[in-house]
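Trainee: Could you walk me through this model while I have it open? I would like to begin with the strands and then move on to other parts.

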Amino acid sequence: SSSAAVTVGNGGTLAGTALLQNVTVQKGGTILGGLGTTGTGVLRLNGNLVMNEGSSMRCLMGNNTGNARVNVKGSITHNGDTLVIVVPASRKLSVGDEIQVFSTGFSSASGEVVVRSECEDYRYEFDSSLLNSDGKVTVTLVEELALRGDVNGDKVVNGTDIQEVINFIIAGVYDEKADVNGDGVVNGTDIQEIINIIVNAD
C-alpha cells in the first residue's frame, strides 16, 4: 500500500495489483490492471485517476472470460486518452458484450476517451457512453480481419494460395488479396511472400 501520489511518465507503465492513492498518467504513459500477462487482476486506487491527452490504459481480456481492470475510489478524469481493449487469440467477443473496465464505486468520471481494440483476428468497435457512469464499454462491431497471404479466403495459407496468385498473373488481373506485399502489382514477389509466410508459420 502506498500513500504517495504516482505519476506515470512518457514511456512508463504502471501495472500490478497494488493499492495506491492518486495516479496521473502523462502523455506516452500507460496504466493497466493486473500484471499485463493474463486478463485478471485489479489495480486499486484509493484516490483519483487523471489520464492526460496522449496517455493510454490497456484492458487485457481473459482467455475465456473476465478481464483485468482498475478500481478507483475517487474521481476519474479523461482528457482524450486512449483505452485499448486487448483481446487474446483464444477469445472472441460478440456484439452487445459489456466489458467492465473500471470497477463500479468511483465517485465520478468525466471527459472524452478514444476506445480501440488490439487483436490478431478481429477488429472491434465499442460504445463508450457508459464508461463515465458505469465504468464499462459495449461491443458494437466485430469484424474478422483477413489473413495475410490467404488469397482464396479459406483461412489457411498454403500452396492453393500460390496457385491463385499464378492464376491472377496469367490472367493479367489485379486483385488486392493477391497483392500480398501491397506494392500495387500482382507478380512473383507476392508468391515469394506467401512462401515466406508458410515457411515462418508455427
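Trainee: In what sense do strand 12 and strand 16 pair, and over how many bridges?

Mentor: Strand 12 and strand 16 pair in the antiparallel sense, over three bridges; two strands count as paired if DSSP finds at least two bridges between them. Helices (H or I, at least four residues) and strands (E, at least two) are DSSP runs, numbered from the N terminus. Before we go on, please keep in mind that this is a predicted model, in which local features need pLDDT of at least 70 and side-chain atom pairs count only at pLDDT 80 or more, while totals for chains, interfaces and linings use all residues. Residues are numbered from 1 along each chain as its sequence is written, and side-chain values use heavy atoms, with hydrogens and water left out.

Trainee: Which residue is the bridge partner of Gln100 in strand 16?

Mentor: That partner is Lys136.

Trainee: And what is the strand order of the open sheet they belong to?

Mentor: The order is 12-16-15, three strands in an open sheet with antiparallel pairing. Strand 12 (98–100) and strand 15 (122–127) are the edge strands, each pairing on one side only. On average, neighbouring strands of this sheet are turned by 40° against each other, direction ignored; the axes behind such angles are lines fitted to C-alpha atoms, for helices over the stretch in contact, and the angles run from 0 to 180 degrees between N-to-C directions.

Trainee: How many bridges join strand 15 and strand 16?

Mentor: Six bridges join strand 15 to strand 16 (residues 136–144), in the antiparallel sense. Within strand 16, Val142 is the bridge partner of Tyr124, and Val139 stands opposite Phe126.

Trainee: Tyr122 caught my eye too; is it buried or exposed?

Mentor: Tyr122 is buried, with a relative accessible area of 16%, where buried means under 20% relative accessible area, exposed over 50% and partly exposed in between (1.4 Å probe, protein chains only). Tyr122 lies in strand 15, and, leaving aside neighbours within four places in sequence, its contacts are Lys92, Ser117, Val142, Glu143, Glu144 and Leu145; contact means heavy atoms within 4.5 Å.

Trainee: Ser117 is in that list, so where does Ser117 lie?

Mentor: Ser117 lies in strand 14 (residues 113–118) and is buried, with a relative accessible area of 15%. Not counting residues up to four places away in sequence, Ser117 touches Ile85, Tyr122, Arg123, Tyr124 and Phe126. Ser117 is also the bridge partner of Ile85, and the C-alpha atoms of Ser117 and Val86 are separated by 5.9 Å although these residues are 31 residues apart along the chain.

Trainee: Which sheet holds strand 14, and is its pairing parallel or antiparallel?

Mentor: Strand 14 is part of an open sheet of five strands in the order 2-5-8-11-14, and the pairing there is parallel. Its edge strands are strand 2 (13–14) and strand 14, each of which pairs on one side only. Strand 11 (residues 81–86) pairs with strand 14 in the parallel sense over six bridges.

Trainee: Changing topic, how many disulfides are there?

Mentor: The count comes to zero disulfides, a disulfide being a pair of cysteine sulfur atoms within 2.5 Å. The sulfur of Cys59 has its closest cysteine sulfur in Cys119, and the 13 Å between them is too far for a bond. Cys59 is buried at a relative accessible area of 1%, and Cys119 is buried at 16%.

Trainee: Now helix 2, please: which of its residues are buried?

Mentor: The buried residues of helix 2 are Asp161, Ile162, Val165 and Phe168. Seen down the axis of helix 2, they fall within an arc of 120°, so they line one face of the helix; the arc is that of the directions from the helix axis to the C-beta atoms. What covers these buried residues includes helix 3 (188–200), whereas the face turned away from the buried side carries the exposed residues Ile170 and Ala171.

Trainee: What distance does helix 2 reach from its first C-alpha to its last?

Mentor: Helix 2 (residues 159–171) has 13 residues and reaches 18 Å, close to the 18 Å expected at 1.5 Å a residue, the expected span being 1.5 Å times one less than the number of residues. Just after helix 2, Gly172 takes a positive phi of about 70°.
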